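Please open the structure in your viewer and keep the selection tool to hand. This tour moves from stop to stop, with something to select at each one.

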Amino acid sequence: MDMKKLYYHQFTILKQPYLLAATSTGLAFVGSSDDLSELSKFYPDASLIDDESKLRTSRNELEDYLSGKIKTFDLELDISGTAFQKKVWQALRQIPYGQTKSYTQIAEEIHEPKAVRAVGSAIGKNPVLMVVPCHRVVTKAGKVGQYRGGVEMKRKLLKLEGHLK
C-alpha cells in the first residue's frame with residue numbers, strides 16, 4: 001500500500017496557530033494548533049513533509065475567512081472518511097454562512113434520523129475545521145456544543161458569522 005504524502009505547515013493567522021496539511025490533490029487537514037499529533041491521528045500512515053508553498057492558497061483563504069473578507073471557501077479538498085462520514089460532511093457544507101443546524105437536523109437531512117450520535121461522531125472526525133463548517137452545528141437546545149478546536153474557538157467562529165453576540 002502506498003503511503004500518502006501530506007504536505008503540512010504551521011501558520012499563525014490573526015495571532016492563532018493553525019496546522020494545515022494537503023495532498024497533491026487538495027486540502028486534507030486544518031487543525032487549531034501547531035501540534036503534529038492531531039494530524040497524525042487523522043493520517044497515521046502518512047509521510048509528512050513540511051512545505052509552506054503547497055499550503056499558501058489554503059492559508060490565504062483561511063485568513064480571508066477569519067478576517068471576514070470571504071464567507072465560503074473555494075478550495076479543492078482531499079479528505080478521507082467512511083461513506084457515512086462523507087455524507088455528513090457534505091451536509092455540513094450546505095449550511096449557509098451565519099446559520100446553524102442541530103445534530104438532529106443533520107441526521108434527518110441525510111435520511112438517518114436515528115443516527116444522531118453517529119452524526120455527532122462523524123462531525124468530530126471532520127479533518128478540515130472551518131472549511132467543512134462543523135462549527136455551524138449546535139445542540140437541539142441551541143447550545144454551542146463540542147468542537148475539535150475547542151469551545152472557545154467555536155464561539156469565536158459563530159460570533160464572526162454573526163450567530164452569537
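**Stop 1: L36**

Select L36, which is found in helix 1, residues 36–42. The model is a predicted one. Is L36 buried, partly exposed or exposed? L36 is partly exposed, because its relative accessible area is 31% and the partly exposed class runs between 20% and 50%.

Now show what L36 touches. Leaving out residues up to four places away in sequence, the list is Y8, L19 and L48. Take Y8 from that list and set a distance. The C-alpha atoms of L36 and Y8 are separated by 9.2 Å, with their positions 28 residues apart along the chain.

**Stop 2: strand 1 and its partners**

Stay with Y8. Which residue stands opposite Y8 in strand 4? Select D50 to see that partner. Strand 4 covers residues 47–50. Four bridges join strand 4 to strand 1, and these two strands run parallel.

Move to Y7. In strand 2, A22 stands opposite Y7. Strand 1 and strand 2 run antiparallel, with seven bridges joining them.

**Stop 3: the turn at L14**

Follow the chain from strand 1, residues 5–13, into the loop that leads to strand 2. Select L14, which sits in that loop. The hairpin of strand 1 and strand 2 has two residues between the strands. What is the phi of L14? Phi is near 50° for L14, a positive value in a residue that is not glycine. Most residues other than glycine have a negative phi. L14 counts as partly exposed, since its relative accessibility is 48%.

**Stop 4: R59**

Select R59 in helix 2. Is R59 buried or exposed? R59 is buried, because its relative accessible area is 16% and buried means under 20%.

Show the contacts of R59, setting aside neighbours within four places in sequence. They are F11, T12, I13 and L20.

**Stop 5: A46**

Go to the loop between helix 1 and strand 4 and pick A46. A46 is buried, with a relative accessible area of 15%.

Then add G145 for a long view across the model. From C-alpha to C-alpha, A46 and G145 are 31 Å apart. Along the sequence, 99 residues separate A46 and G145.

**Stop 6: helix 3**

Select helix 3, residues 83–92. Which residues of helix 3 are buried? Colour Q85, V88, W89, A91 and L92. They lie on the same side of helix 3, because they cover an arc of only 155° around the axis. An α-helix has 3.6 residues a turn, so residues three or four places apart point the same way.

Next, show what covers the buried residues of helix 3. The cover includes helix 4, helix 5 and strand 6.

**Stop 7: M130**

Two of those elements lead to the next stop. Look in the loop between helix 5, residues 116–124, and strand 6, and select M130. M130 is not a glycine, yet its phi is positive, at about 75°. M130 counts as buried, with 1% relative accessibility.

**Stop 8: helix 6**

Select helix 6, residues 151–160. Its buried residues are M153, K154, L157 and L158. They are on the same side of helix 6, because their arc around the axis is only 135°.

What covers the buried residues of helix 6? The cover includes strand 2 at 16–22, helix 2 at 56–66, helix 4 at 103–109 and strand 6 at 137–138. Step just past the end of helix 6 and select G162. There G162 takes a positive phi of about 80°.

**Stop 9: the largest pocket**

Finish at the largest pocket. Its volume is about 280 Å³. The lining has 14 residues, and those nearest the centre of the pocket are Q16, Y18, L66, M153 and K156. Strand 2 and helix 6 are the elements that give two or more residues to this lining. Which element gives the most? Helix 6 does, with five residues.

Now colour the lining by class. Nine of its residues are nonpolar, three are polar and two are charged. M153 links the last two stops: M153 is among the buried residues of helix 6, and M153 is one of the residues nearest the centre of the largest pocket.

Methods: Residues numbered from 1 in each chain as written. Predicted model: local features only at pLDDT ≥ 70, side-chain atom pairs only at ≥ 80, totals over all residues. Heavy atoms only, no water. Buried < 20%, exposed > 50% of the residue type's maximum accessible area, 1.4 Å probe, protein only. Arc of directions from axis to C-beta. Contact = heavy atoms within 4.5 Å. Pairing = 2+ DSSP bridges. 1 Å grid on protein atoms, 1.4 Å probe; cavity = no way out; pocket = protein on both sides within 12 Å on 5 of 7 lines; lining within 4 Å. Points joined across faces, edges and corners; volume = space filled by probe spheres on them. Nonpolar A, V, L, I, M, F, W, Y, C, P; charged D, E, K, R; others polar.
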